[in-house]
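Colleague: I'd like to learn how to read a few features of a model. Could you walk me through them?

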Amino acid sequence: MAEPKASPPAGGVTWARVCKECGQCHDGRDSHLFEYQDEVDDELVCHICLQPLLQPMDTPCGHTYCFHCLSNFLHDQDFCPVDRQRLQLQQCRASSLLVRNLLDKLTVLCPFRSECQQSMQRCELQPHLHNRCLAFRRLREEAERKKRPSWNQLKGSKSDGDLADDKSTPITRTCQLSGPSEPGLVNPAFEEGEDDTSLRSSLVAEATVVELLKEDPDEDLGLRIVGGKDTPLGNIVIQEIVRDSLAARDGKLAPGDHILEVNDVSLASIPHSRAVAVLRQSCSRVRLTVMQEKGFKPRPEHLAQSSASPPSQSPNPNQNHGTIIQVTLVKRERSEPLGIKLIRKSEEPGVFILDLLPGGLAAKDGKLRNNDKVLGINGQDLRHGTPESAAQIIQACEMRVNFVVMRLPDLSEEGGEGQSRGARRVQEPQYFKRRSEYMKEPPVGFSSQEKTVSLKKEPRHSLGITIAGGRDCRSRLPIYITSVQPVGCLHRDGTIKTGDVLLSINDMDLTHLTYNEAVTILKTQAAQNTITLRVIQTFAEEEEQDGESSTREDMDTLEGPKEDDINWAPLWTRWLGLPSYIHWCRDIMLMKTNCESWGFSIVGGYEESRGQQPFFIKTIVPGTPAHFDGRLKCGDEIVAVNGVTTVGMNNSSLIPMLKLQKNKVTLTVVSWPGSLV
């Protein structure tokens, strides 16, 4: 049995000394320290440090060690510490998900026992420290207060109050710009111009509780989510708010929010499918604890510049969609109408200006135009809003109404609103109609298997399947099977499953077709006497390792869709196992000024402990070029930067590449729709 070697932080511990992951004071090169509540089984103990395993690695000879312990040992030796067989670190592999789950579920005590007596699973300690532990927060706030005088002096600000009072928010996280906070995390969102080092601002996020009331206990919340413990993202992140849904009507949640808890059930250490099951539970009230990015704390110089500069000099050009413009309308009295008609569009989320009424305040001002997309009003994010919510914000305004809008560039074709909208629909397929040229492996724990079914049938008999997807759908998905009907010949064969991706039928390729094209070919070929169908089935390691409960959830969500659910689709994790030749890429070009941040953070890349992991977008920061552009989503996979593949890259190679792009960068991404809850 391993004796705990962790000791509670001393009373004189400082923010600089304490580890931000385990809460203990140890050298940065040493392993994290934990105080375990119960005895730990010897099978879960490292034979080098004699402590419960951290980042367990299996050797070919059948022994398991901490990654940190084993890498240090093999730096000087070339054999296994137990049986002394020849061994190199490259021969070792990360332990199975089952072993990692058992270790993560070990109960540990909060290191600040004098002020916090809580116990939790080991994997929940870091979220506890950053989101709930009062002692840890006190250390952080003390460190921030000590830094403020010198920071303000550098920036020439008048007082600490100019930066915002952290005590006014329930929980505030300030991310410093010194570098990645954890292995595998790249934060180009936090990088600024090298000549602005003394003026860098900090990123602020708040933990917020949102309650949603359902009229029907089985009603969907209207969220698409990505992430989970079994994915590189780790956390559960909202990818999208479904239009006209419960969450959209409430208006408090936004894409990029990290869901920490659901009805007091923590999502910090559970795989994606379980998080989906928790969020889909039948209940009339849903209480969500979410971490919301609030953007960068503004610098006084920026505030002064934005108020003094005319809207046409906005420093946020939007490369493909147009220019970001700020417009302020001043009413003579609170009830005065602005004279603006707002609409929504079927092909794009958000609020758009349909018309400016002649003689109205907006028409007289002359800065707003028809077809401008409203990104925000008086600081309220409307990137995924509705005309109704925008009208409520305007009605609640006093005298000044501040608009942030996106204006499309003038096109070389015949101008006008209709032409602009038509041109955008023509341009959109250019982002997707390109097979991936970047060969890569799926994330660790995800895989696929190709299956071929050959059978003879009567020409009048149906295949008995329904399909969805197609390269003309919103997410440009491959054709996949949504149901296998019990009356069809494929159901009797039993090989084809709901969620399988169709590759070909009778050697006719189906991977590049639109939905209608695929339906036509399937009907034509189904009239033949012999059918040969090739499909791909994807797998997640969590399903295989985690036993009965996960299998039951997958059966409910994947193989038993509701009869009236015409929009059923596989979970987000199902897409991750597809081979790269199925992927269709999208090029997104972002532009910024030298002193701006790109506005997104990334997880993934090559790590010795886990091998090659794809890079995923984890966070998009409000008020940045990535946010205003609106096309990047949390959970998108970056396969190339300026045409250079990210396969084989680690943080140290990707960060300089992003830093070199001062004003423009082109990201090649693969985007899968999040799981609907």
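Colleague: Where is the place of S31 relative to β1?

Modeller: Happy to help! Strands are DSSP runs of E with at least two residues, and helices are runs of H or I with at least four, numbered from the N terminus. S31 sits in the segment before β1, which spans 56–58. In total the protein has 17 helices and 33 strands. A word on the source: this is a predicted model, where local features need pLDDT of at least 70, side-chain atom pairs count only at pLDDT 80 or more, and totals for chains, interfaces and linings use all residues. Residues are numbered from 1 along each chain as its sequence is written, and side-chain values use heavy atoms, leaving out hydrogens and water.

Colleague: Why does S31 count as buried?

Modeller: Buried means under 20% relative accessible area, exposed over 50%, and partly exposed in between, with a 1.4 Å probe and protein chains only. S31 counts as buried because its relative accessibility is 19%. Of the 677 residues of the protein, 52% count as buried.

Colleague: Which residues does S31 touch, not counting those up to four places away in sequence?

Modeller: Contact means heavy atoms within 4.5 Å. With that sequence filter, S31 touches H26, L54, H68 and C69. Take L54: 23 residues separate it from S31 along the chain, and their C-alpha atoms are 7.9 Å apart.

Colleague: And what share of the protein's contacts with a separation of 6 or more comes from residues 24 or more positions apart?

Modeller: Such pairs account for 67% of those contacts.
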